[in-house]
Structure formats: C-alpha cells, structure tokens
Amino acid sequence: MFRLMFNQAKKHPSLIPLFIFIGAGGSGAALYIMRLAMFNPDVCWDKKNNPEPWNKLAPTDQYKFYSVNVDYSKLKKDRPDF
C-alpha cells in the first residue's frame, strides 16, 4: 500500500500535501481516542480495584481537554462523599 502511495506521489506530486494532511488527521484522531480511553474518568479499565473512578475525582481535577471559562483550581467541593 505504501509502495502504491509512493508511486502515485512520484507521478503526481500534487498528491503529497493530501497524503500529509490525511496522515496528520488520522494520527491526531488516534491520539485523541487514546487520550480519552486512558485519562477520561468515565472509562473504567480495572473494575476490581477501582469500580467507580469518577467518585474519586477532586473538584480541582481538570479532566476536560479544554475549558473556556472555568478555573478548576478555585472550585470548592459541592457534592457528598459516597
């Protein structure tokens, strides 16, 4: 498959940016999915030792990728312990 891509790129050099942007988009999507699977508190990989990981989050933990108006270091605890 890569050999075919290289041959097409040699014949049509205008396809090189297309291959670069598609490769970068696919890599970015794969890294984002990996980040969600590893660091999102809604995902539970170990149900024996930590069955509800979302209950162990402190109010100051930022788990969103980007927050516009919220400063997580100034939040106070507003929920009960379970």
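I take a contact to mean heavy atoms within 4.5 Å. With that settled, I looked at contacts between residues at least 6 apart in sequence, and 14% of them join residues at least 24 apart. I note that this is a predicted model.

**Overall make-up.** I looked up the secondary structure next. The protein has two helices and zero strands. I then checked burial. Of the 82 residues, 6% count as buried. The protein exposes about 7,700 Å². Carbon and sulfur atoms supply 63% of that area.

**Helix H1 and Met-5.** Helix H1 covers residues 2–11, and Met-5 sits in it. Is Met-5 buried or exposed? Neither label fits: Met-5 counts as partly exposed because its relative accessibility is 28%, and that class lies between the 20% and 50% cut-offs. I also looked at Met-5 against Phe-19. Their C-alpha atoms are separated by 8.3 Å, with the two positions 14 residues apart along the chain counted as their spacing.

**Helix H2 and Met-38.** Helix H2 spans residues 16–39, and Met-38 belongs to it. I checked its accessibility too. Met-38 has 55% relative accessibility, so it counts as exposed; the cut-off for that class is over 50%.

**Surface patch.** Which residues join Met-38 in a nonpolar patch on the surface? I found Leu-31, Met-34, Phe-39, Val-43 and Trp-45 alongside Met-38. Together the patch residues have about 740 Å² of accessible area.

Conventions. Residues are numbered from 1 along each chain as its sequence is written. This is a predicted model: local features need pLDDT of at least 70, side-chain atom pairs count only at pLDDT 80 or more; totals for chains, interfaces and linings use all residues. Side-chain values use heavy atoms; hydrogens and water are left out. Patches are made of residues with over 30% relative accessible area and no salt bridge: like charges are joined within 9 Å, nonpolar side chains (Val, Leu, Ile, Met, Phe, Trp, Tyr) within 5 Å. Accessible areas come from the Shrake-Rupley method with a 1.4 Å probe; for residues, only the protein chains shown count as cover. A salt bridge is a side-chain nitrogen of Lys or Arg within 4 Å of a carboxyl oxygen of Asp or Glu. Helices (H or I, at least four residues) and strands (E, at least two) are DSSP runs, numbered from the N terminus. Buried means under 20% relative accessible area, exposed over 50%, partly exposed in between (1.4 Å probe, protein chains only).
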